[in-house]
Amino acid sequence: MATQLYRNLRNPAAVAVRGLSRAFGPRRVIDNLDLTIRPGEFVALLGASGCGKSTLLRILGDLDPEFEGEVTVPARRAIAFQAPRLMPWKRVWHNVVLGLPGRPDRRRAERALAEVGIGHRADVWPKVLSGGEAQRAALARALVREPDLLLLDEPFAALDALTRIKAQALVAELWQRHGCAILLVTHDVEEAILLADRVLVMKEGVIAHQERIALERPRDVADPEFARVRGTLLDWLGVRHGAAH
Ligand SMILES: Nc1ncnc2c1ncn2[C@@H]1O[C@H](COP(=O)(O)OP(=O)(O)OP(=O)(O)O)[C@@H](O)[C@H]1O
């Protein structure tokens, strides 16, 4: 019989998933999937649209209890989505600490906002923020929880190219400073190779392929090894040229 288990362990893995399945009606979107992520590891998850990446992330974020299998995640985890999902009736600083126990801690929010480069936006309403700033606020809201596991669901997808590059650099920096494990869902193969220790390709409900990225950081897209890994991943995604959209 299938088991549903959330255990909150710090070690030895940040994430341990065994025999995970999730169906919507007759369709098994996740089908007996196994996955381990080490503490502090940066993992990127690629896969065709609709293959179940967000479904997996939602289960790991405790947002979907309707699964079968065994899921072990750290007690402290945070999730950020493509849309920043800020509450329009709370000022930016208040959004950052919303849901934390105790009185809203403005100083704590300001520290987190300063860390993502928008300390000066603490007092404005969310609607005033640019897309890049709103996404930074969402990152601050995740980081203020001091997560051992940060789940990122296409956080840069709606950003213009330049803002996106800056946001990627910020995430790389925050990851190095905080040392949390990250699972990043992205459609962008280059983004995955630039940022991650390991890139997974999800297909037919399982992790069909993985590449360990041995390149030193910061990474160079012109490096022949980068090109080789990109080619292999595009093959797994069924895309030989261009982006994996
Ligand atoms: N609550 C739900 N009810 C019914 N079907 C769902 C539900 N959530 C997801 N699905 C279906 O499960 C499949 C996987 O969805 P999911 O959002 O996980 O894919 P994805 O890989 O994240 O896609 P994308 O890259 O386009 O965001 C899709 O076919 C989707 O329609």
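Helix 5 is a good place to start: in this predicted model, the elements that cover its buried residues include strand 4, helix 4, strand 8 and helix 6. From there we can move to the open sheet of six strands, then to helix 7, which has buried residues of its own, and finally to the hairpin of strand 2 and strand 3.

**Helix 5 and its two sides**

- Which residues of helix 5 are buried? They are Ala167, Gln168, Val171 and Trp175.
- Looking down the axis of helix 5, you would find these buried residues within an arc of 105°, so they line one face of the helix.
- A general rule helps here: an α-helix has 3.6 residues a turn, so residues three or four places apart point the same way.
- Turned away from that buried side, helix 5 carries the exposed residues Leu162, Gln176 and Arg177.
- You can also check the length of helix 5, which runs over residues 161-178: its 18 residues should span 26 Å at 1.5 Å a residue, and the end C-alpha atoms are indeed 26 Å apart, so the two values agree.
- Just after helix 5 comes Gly179, with a positive phi of about 70°.

**The open sheet**

- In what order do the six strands of the open sheet lie? The order is 6-7-8-4-9-10, and the pairing is mixed.
- Strand 6 (77-80) and strand 10 are the edge strands, since each pairs on one side only.
- From one strand to the next, the twist averages 20°.
- Strand 6 and strand 7 run parallel and are joined by four bridges; Ala80 stands opposite Leu152 in strand 7.
- Strand 4 and strand 8 (residues 181-185) also run parallel, with four bridges joining them; the partner of Ala44 is Leu184 in strand 8.
- Strand 9 and strand 10 run antiparallel, joined by six bridges, and Met202 stands opposite Ile207 in strand 10.
- These last two strands form a hairpin with two residues between them, where Glu204 takes a positive phi near 50°.

**Strand 6 and what lies across it**

- Are the faces of strand 6 covered or open? Both are covered: Arg77 and Ile79 are buried on one side, and Ala78 and Ala80 are buried on the other.
- This fits a general pattern: in a regular strand the side chains alternate between the two faces of the sheet.
- Helix 4 (residues 131-143) lies across strand 6 and strand 7 (149-153), and its direction is at about 170° to strand 6.

**Helix 7**

- Helix 7 covers residues 224-237, and its 14 residues should span 20 Å at 1.5 Å a residue; its end C-alpha atoms are 20 Å apart, so the expected span and the model agree.
- Val229, Leu233, Trp236 and Leu237 are the buried residues of helix 7.
- Seen down the axis of helix 7, its buried residues fall within an arc of 95°, so they line one face of the helix.
- On the other side of helix 7, Pro224, Ala227, Arg228 and Asp235 are exposed.
- What covers the buried residues of helix 7? Strand 4 (42-47), helix 6 (189-195), strand 9 (198-203) and strand 10 (206-212) are among the elements that do so.
- Gly231 also sits in helix 7, and it counts as partly exposed because it has 13 C-beta neighbours inside 10 Å.
- Gly231 and Val71 are 160 residues apart in sequence, and their C-alpha atoms are 32 Å apart in space.
- Just after helix 7, Gly238 has a positive phi of about 75°.

**The hairpin of strand 2 and strand 3**

- Strand 2 (residues 15-24) and strand 3 (residues 27-37) pair in the antiparallel sense over eight bridges.
- Val15 has Ile37 in strand 3 as its bridge partner.
- Two residues lie between these strands in the hairpin, and Gly25 in the turn has a positive phi of about 60°.

**What the record says**

- An unreviewed UniProt entry carries the annotation "domain: ABC transporter" for residues 15-229.
- In the model, that span is 32% helix and 27% strand, and its end C-alpha atoms lie 25 Å apart.

How values were computed: Residues are numbered from 1 along each chain as its sequence is written. This is a predicted model: local features need pLDDT of at least 70, side-chain atom pairs count only at pLDDT 80 or more; totals for chains, interfaces and linings use all residues. UniProt positions are given in the numbering used here, feature names are shortened, and annotations may be inferred rather than shown by experiment. The expected span of a helix is 1.5 Å times one less than its number of residues. A residue is buried if 20 or more other C-beta atoms lie within 10 Å of its own, exposed if 12 or fewer, and partly exposed in between; C-beta atoms are placed from the backbone. The arc is that of the directions from the helix axis to the C-beta atoms. Two residues are in contact if their C-beta atoms, placed from the backbone, lie within 7 Å. Two strands pair if DSSP finds at least two bridges between them. Axes are lines fitted to C-alpha atoms, for helices over the stretch in contact, and angles run from 0 to 180 degrees between N-to-C directions.
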